[in-house]
Every structure is written in C-alpha cells, then in structure tokens.
Amino acid sequence: MTLEEKGRTALTKGRMLDWVLTHPSFVVVDFDLATLQVMTSLDSIEIHDRIIAATARLLAAVVITRDPLLAGATRTFWG
C-alpha cells in the first residue's frame, strides 16, 4: 500500500513521480546487471530491500532507514 492509498500525502503518484524526476536532489538509476550481481550476496533480506542495499553499495550511498535487516546489509543513517 502506498502513502497515497493510506491517505498520508496529498500528492498523487503521478505528481510524486514528476517531483522526483525533476528535483535536483534525486538521481534515478537503472536496475542493471551490476545491481543483480551485488544482490546475489544479500540473501538474508527480502527482495525489495536487496535492490535498495545493492544500489546503495554500488553508489556508495547511505540509506535512511530504521529497518535493522537493511542496516545489516548496507550503510544506513537513523537505523
């Protein structure tokens, strides 16, 4: 369920996507073979978190999360 579906934001999915695509602080990256290869070493977390962790590792990025499993897979802040 999305934030929109839960009533937690006034932004629609389309408006949120437009905002992310045009905001200079966001970078949209492809899901590619390198990401898939890094994901193969992350078998202790669910598939969507593997994508996030693998992407963060490839970009040397820090993930903002409280999820302890994701925090065990990549560098995090807040968790």
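**Contacts, helix α3 and the largest pocket in a predicted model**

Setting aside residues up to four places away in sequence, Thr-9 makes contact with Leu-3, Glu-4 and Met-16. The model described here is predicted. Thr-9 belongs to the segment before α1. Its relative accessibility is 24%, so Thr-9 counts as partly exposed, the range for burial being under 20%. Thr-12 is also placed in the segment before α1, a helix that covers residues 13-22. With a relative accessible area of 34%, Thr-12 is partly exposed. The C-alpha atom of Thr-12 is separated by 30 Å from that of Leu-69, a residue 57 positions away along the chain.

The chain comprises four helices and two strands. In sequence order these elements follow the pattern α-α-α-β-α-β. Taken along the principal axes, the box filled by the C-alpha atoms is roughly 35 × 25 × 20 Å. The chain has 79 residues, of which 19% count as buried. Among contacts with a separation of 6 or more, 10% are accounted for by residues 24 or more positions apart.

Helix α3 spans residues 47-59. Its end C-alpha atoms lie 18 Å apart; this agrees with the expected span, because 13 residues at 1.5 Å a residue should also cover 18 Å. The expected value rests on 1.5 Å times one less than the number of residues. Within α3, the residues Asp-49, Ala-53, Ala-54, Thr-55 and Ala-56 are buried. The elements that cover the buried residues of α3 include α2 (33-39), β1 (63-64) and α4 (68-71).

Thr-55, one of the buried residues of α3, has contacts with Val-29 and Thr-35 when residues up to four places away in sequence are not counted. The C-alpha atoms of Thr-55 and Asp-30 are 9.2 Å apart in space, with the two positions 25 residues apart in sequence numbering. Val-29 is located in the loop between α1 and α2. Apart from neighbours within four places in sequence, Val-29 is in contact with Thr-55 and Leu-59. For Val-29 and Ala-54, which are 25 residues apart in sequence, the C-alpha to C-alpha distance is 12 Å. Val-29 has a relative accessible area of 37%, and is therefore partly exposed.

Val-29 and Thr-55 also appear in the lining of the largest pocket. The volume of this pocket is about 410 Å³. Its lining consists of 13 residues, and those nearest the pocket centre are Val-27, Val-29, Ile-52, Thr-55 and Leu-59. Helix α3 supplies five residues, the largest share of the lining. By class, 12 of the lining residues are nonpolar and one is polar, while no charged residues are present.

Just after α3, Ala-60 takes a positive phi of about 55°. This positive value occurs in a residue other than glycine. Ala-60 lies in the loop that connects α3 and β1. The relative accessibility of Ala-60 is 59%, so the residue counts as exposed, for which the cut-off is over 50%.

One aromatic pair is present in the structure. The pair is formed by Trp-19 and Phe-26, with ring centres 5.2 Å apart and an angle of 70° between the planes, an edge-to-face arrangement. The assignment follows from the angle, because planes over 60 degrees apart count as edge-to-face. Trp-19 has a relative accessible area of 43% and is partly exposed. Phe-26 likewise counts as partly exposed, at 40% relative accessibility.

Terms used. Residues numbered from 1 in each chain as written. Predicted model: local features only at pLDDT ≥ 70, side-chain atom pairs only at ≥ 80, totals over all residues. Heavy atoms only, no water. Phe/Tyr/Trp six-rings, centres within 6.5 Å; stacked < 30°, edge-to-face > 60°. Buried < 20%, exposed > 50% of the residue type's maximum accessible area, 1.4 Å probe, protein only. 1 Å grid on protein atoms, 1.4 Å probe; cavity = no way out; pocket = protein on both sides within 12 Å on 5 of 7 lines; lining within 4 Å. Points joined across faces, edges and corners; volume = space filled by probe spheres on them. Nonpolar A, V, L, I, M, F, W, Y, C, P; charged D, E, K, R; others polar. Contact = heavy atoms within 4.5 Å.
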